[in-house]
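User: I have this model open on my screen and would like a close look at one part of it. Could you take me through that part and then show me how the rest connects to it?

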Amino acid sequence: MYDYPAGKSDWMAAGLPTEGEAAGRPTAGTVARRDVPTCHLGESLRDVRERARAAGWDACVVVNEALIVMGLLRAEQLGREGDLTAESAMRPGPSTLRPHVPIAEVAEFMTEHDLPNAPVTTSGGELIGLLIREDVERAAHERPA
Amino acid sequence: MPTNIGREGVRRMVAEGAQLVEVLPKEAFDEQHLPGAIHLALRKIEAGARATLDPERPVIVYCWDSA
């Protein structure tokens, strides 16, 4: 007997195929952008901003060595002036979503809380990607009835 | 005691003929499950396993996650 303790959550987070009524439907995990820039707590905000913008992003997820989400730098925080670190500028403990959440629920959540973006994490807090509200609304609109 | 395995171990063992068993509620299984998995309710797993599973092939059990 073998146990796969990371389970269905881990499987879906990796984007592997599934079967069942909801298989193939967009979820937080399938819509999240996985190329979101990340940075560490002690990094200079100026350096992080330059790196993020050079990659075409106005957001950056602050993570620790284990890729656990510590905070989020949205455009407002990323643009702050002064000699700041990522830790001092970030929004700590941002709202996160699990990868299996159907995209319609994600859209509702982001609209209700007026979130321009939101990290998707495993139940252990490990970053999977960043949801962009426009992507979510488009995917929710396109989903089959 | 079961042996813990990771995602790649699951993929390799399933390709080699292992049986996958999901023990979440039936509704969660019907909604989405790993390819080829069968459903066995946790409280009936012993009886269900005897009736459903091939004793000659390895069995991998999973639920949602370890949290």
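User: Please look closely at the hairpin formed by β6(A) and β7(A). How many residues lie between the two strands, and what surrounds this part of the model?

Analyst: Happy to. In this predicted model, β6(A) and β7(A) make a hairpin with five residues between them. In the turn sits A:G125, with a positive phi of about 90°. The two strands run antiparallel to each other and are joined over five bridges. One pair to find on your screen is A:A118, which stands opposite A:L131 in β7(A). Strands of a sheet pair through backbone hydrogen bonds, in either the parallel or the antiparallel sense.

Now follow β7(A) itself. Five of its six residues are buried, so β7(A) is largely enclosed by the rest of the structure. A:L131 also belongs to the largest nonpolar core, which has 49 residues. Together with A:A59, A:C60, A:V61, A:V62 and A:L73, A:L131 touches the most other members of that core.

From the hairpin, step over to helix α6(A), residues 103–112. Its buried residues are A:I103, A:V106, A:A107 and A:M110. Looking down the helix axis, these buried residues of α6(A) fall within an arc of 100°, so they line one face of the helix. Both hairpin strands, β6 (117–121) and β7 (127–132), are included in what covers those residues, as are α2 and α7 (133–142) of chain A. After α6(A) comes A:D114, which has a positive phi near 50°.

The core residues named above also lead to another sheet of chain A. Here four strands form an open sheet with mixed pairing, in the order β2-β3-β4-β5. Its edge strands are β2 (38–39) and β5 (91–92), each pairing on one side only. Within this sheet, β3 (residues 60–63) and β4 (residues 69–73) pair in the antiparallel sense over four bridges. A:C60 has A:L73 in β4(A) as its bridge partner, and both residues are among the core members that touch the most others. A:V62 is worth clicking on as well: setting aside neighbours within four places in sequence, its contacts are A:C39, A:L41, A:M70, A:G71, A:L72, A:L73, A:A86 and A:M90.

Next, turn to the other chain. Chain B has three helices and four strands, arranged along the sequence as β-α-β-α-β-α-β. Its C-alpha trace spans about 25 × 25 × 25 Å along the principal axes. A compact globule of 67 residues would have a radius of gyration near 11 Å, and chain B, at 12 Å, agrees with that. Of its 67 residues, 21% count as buried. Among contacts in chain B with a separation of 6 or more, 49% come from residues 24 or more positions apart.

How do the two chains meet? In all, 24 residues of chain B are in contact with 21 residues of chain A. On the chain B side, the elements giving two or more residues are β1 (3–4), α1 (7–15), α2 (26–31) and β4 (59–62). Of these, β4(B) gives the most, with four residues. By class, this side of chain B has 14 nonpolar, six polar and four charged residues.

Strand pairing also links the chains. β1 of chain A, residues 2–4, pairs with β4(B) in the parallel sense over three bridges. There, A:Y2 has B:I60 as its bridge partner, and A:Y4 stands opposite B:Y62. The result is part of an open sheet of five strands with parallel pairing, in the order β1(B)-β1(A)-β4(B)-β2(B)-β3(B). At the edges are β1 and β3 (38–39) of chain B, each of which pairs on one side only.

One more place to visit is A:A22, in the loop between α1 (7–13) and α2 (28–31) of chain A. A:A22 touches B:E31 and B:Q32, leaving out residues up to four places away in sequence. Because 16 C-beta neighbours lie inside 10 Å, A:A22 counts as partly exposed. A:A22 and A:H100 are 78 residues apart in sequence, and their C-alpha atoms are 10.0 Å apart in space.

Note on methods:
Residues are numbered from 1 along each chain as its sequence is written. Chains are lettered from A and ligands numbered from 1 in the order in which they are written. This is a predicted model: local features need pLDDT of at least 70, side-chain atom pairs count only at pLDDT 80 or more; totals for chains, interfaces and linings use all residues. The radius of gyration is taken over C-alpha atoms; the globule rule is 2.2 Å times the number of residues to the power 0.38. A residue is buried if 20 or more other C-beta atoms lie within 10 Å of its own, exposed if 12 or fewer, and partly exposed in between; C-beta atoms are placed from the backbone. Two residues are in contact if their C-beta atoms, placed from the backbone, lie within 7 Å. A nonpolar core is a set of buried Ala, Val, Leu, Ile, Met, Phe, Trp, Tyr and Cys residues joined through C-beta atoms within 7 Å. The arc is that of the directions from the helix axis to the C-beta atoms. Ala, Val, Leu, Ile, Met, Phe, Trp, Tyr, Cys and Pro count as nonpolar, Asp, Glu, Lys and Arg as charged, and the others, Gly among them, as polar. Two strands pair if DSSP finds at least two bridges between them.
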